Amino acid sequence: MIRGFRLAAATGLHKGDRPYQQDQVLMLSHARTPGCVLGVIADGMGGRSGGRKASDQVMMTARQLFARYRPEHDEPGSILRRLLDDAHTVIKLTALSSEQEPHSTVAAFLMNPHGDCAWIHAGDSRIYHFQRGRLIKRTRDHSYVQVLIDRGEITEQEANIHPQGNILLGCLGMTATPPPIETHFIPQLQPGDVLMACSDGLWHYFTPEEMGAVLSEQSPREAVELLVDEARKRARGTGDNLSLAVLKLEPLPK
C-alpha cells in the first residue's frame with residue numbers, strides 16, 4: 001500500500017531571447033476529484049502567429065477533455081491519446097488562416113488520485129520521471145538527431161550542437177504523416193517521485209543528473225525558478241522559448 005504523500009506543483013514559462021512566445025504550459029487540478037492532476041507542455045512552430053495558434057490549440061483541447069474526464073471510469077492513456085489526436089486535427093485546420101504551416105510538440109502527463117499515472121508525447125518536448133533525484137525514465141525525442149543517436153552515429157552531447165538538431169520527424173499538425181502515439185504508464189508513483197514536462201528550450205542546457213538534483217532538493221516553485229534562471233545564463237543571449245511543468249510527491253511529515 002502506498003504511503004501518504006502531499007502534491008506540490010509549479011510551472012514556468014519564459015520567452016528566452018526570441019521576439020515572441022510560442023511555448024505554452026498548463027497544470028490543472030481536477031475540479032471534482034482531489035489528487036487528479038494534468039500537466040501539459042506545447043512548443044509551437046510556424047511563424048509569429050502559426051506557432052502560437054498551434055500551442056494554444058493544444059491547451060484548449062487539454063482543458064476541454066480534462067473537464068470531462070472521470071478518473072473513476074476513464075482510462076488516463078485513452079484521454080491523452082484523444083488529446084493528441086484532437087489537437088492534431090484542429091492544428092491542421094488552423095493552417096488555412098496562418099502565415100505559415102503551424103505545428104506543435106506536446107508532452108502531457110495525467111496522474112490519478114491513487115498514484116497511477118500515464119503520459120504521452122510527440123516531438124522533442126520531454127517528460128522526465130525522477131525518484132529522489134535519480135532518473136527513472138524519460139521520453140524519447142521524435143527527431144532526426146535521436147535517430148542518429150539510436151544508430152550510434154553521434155552521442156547525446158553531440159546532438160545538442162548538431163546543425164540539424166531542430167528537425168522533427170513527428171509532431172502535431174504535419175500533413176504528410178500522422179503524429180506518433182507513444183504512451184507510458186506508471187502503475188504507482190511513490191513519495192519522492194517527481195514528474196517534469198519541459199520544452200527543448202530548457203532541457204537542452206542540463207544533464208539529467210543536474211535536473212534531478214535540483215528537483216530533489218528544492219520545492220517545485222524554487223526548482224522552476226532555478227532551472228529557468230540557469231538556462232537563461234547558459235543560453236548566453238541565444239535562448240529559445242522555454243516552458244516546464246513540475247509535479248512532486250512530497251512525503252508526509254512523520
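Start by selecting Pro220, which sits in helix α7 (residues 220-235). This is a predicted model, so treat each stop as a look at computed geometry. Pro220 counts as buried because its relative accessible area is 4%, under the 20% cut-off. Now show what surrounds Pro220: leaving out residues up to four places away in sequence, it touches Ala8, Ala9, Ala10, Val246, Lys248 and Glu250. Want a distance to draw? Pick the C-alpha atoms of Pro220 and His129: they are 14 Å apart in space, with their positions 91 residues apart in sequence.

**Next stop: helix α2**

Select residues 76-94. That's helix α2, with 19 residues. From its first C-alpha to its last, α2 reaches 27 Å, close to the 27 Å expected at 1.5 Å a residue. Zoom in on the N-terminal end, where Glu75 acts as the cap: one of its side-chain oxygens lies 3.0 Å from the backbone nitrogen of Gly77.

Which residues of α2 are buried? Colour Pro76, Gly77, Ile79, Leu80, Leu83, Leu84, Ala87, His88, Ile91 and Thr94, and you have the set. While that's on screen, a reminder about spacing: an α-helix has 3.6 residues a turn, so residues three or four places apart point the same way.

**The cavity beside it**

Keep α2 visible and switch on a cavity display. A search of the whole structure turns up one cavity of 30 Å³ or more, and the largest cavity has a volume of about 40 Å³. Select its lining: Leu38, Ala62, Leu65, Phe66, Ile79, Leu80 and Leu83. Helices α1 (47-68) and α2 are the elements that give two or more residues to that lining. How does the lining divide by residue class? Seven nonpolar, no polar and no charged.

**Over to the pocket**

Now bring up the largest pocket, which holds about 1100 Å³ of space. It has 42 lining residues, and the closest to its centre are Asp124, Gly165, Asp200, Trp203 and His204. For a view by element, show β3 (37-45), β7 (126-131), α3 (144-150), α4 (156-159) and α5 (200-203); each of these supplies at least two lining residues. Colour the lining by class and you get 16 nonpolar, 17 polar and nine charged residues.

**Two loop residues to finish**

Go to Asp141, in the loop between β8 (134-138) and α3. Buried or exposed? Asp141 counts as buried, because its relative accessibility is 4%. Its side chain makes a polar contact with the side chain of Arg126, at 2.8 Å. Expand the selection, skipping neighbours within four places in sequence, and Asp141 is in contact with His121, Gly123, Asp124, Arg126, Gln146 and Trp203. Two of those names may ring a bell: Asp124 and Trp203 are among the residues closest to the centre of the largest pocket.

Last, pick Ser125, in the loop between β6 (117-122) and β7. With 0% relative accessibility, Ser125 counts as buried too. Draw the polar contact between its side chain and that of Thr105, and the distance comes out at 2.6 Å. Beyond neighbours within four places in sequence, the contacts of Ser125 are Ile41, Asp43, Thr105, Ala107, Thr139, Cys198 and Ser199.

Terms used:
Residues are numbered from 1 along each chain as its sequence is written. This is a predicted model: local features need pLDDT of at least 70, side-chain atom pairs count only at pLDDT 80 or more; totals for chains, interfaces and linings use all residues. Side-chain values use heavy atoms; hydrogens and water are left out. Helices (H or I, at least four residues) and strands (E, at least two) are DSSP runs, numbered from the N terminus. The expected span of a helix is 1.5 Å times one less than its number of residues. Buried means under 20% relative accessible area, exposed over 50%, partly exposed in between (1.4 Å probe, protein chains only). A polar contact is a pair of N or O atoms within 3.5 Å; within protein, one must be able to donate a hydrogen and the other to accept it, and residues adjacent in sequence count only if both atoms are side-chain atoms. On a 1 Å grid over the protein atoms alone, a cavity is a set of points where a 1.4 Å probe fits but cannot get out, and a pocket is an open set with protein on both sides within 12 Å along at least five of seven lines; lining residues have an atom within 4 Å of a point. Grid points are joined across faces, edges and corners, and a volume is the space filled by probe spheres set on the points. Ala, Val, Leu, Ile, Met, Phe, Trp, Tyr, Cys and Pro count as nonpolar, Asp, Glu, Lys and Arg as charged, and the others, Gly among them, as polar. Contact means heavy atoms within 4.5 Å.
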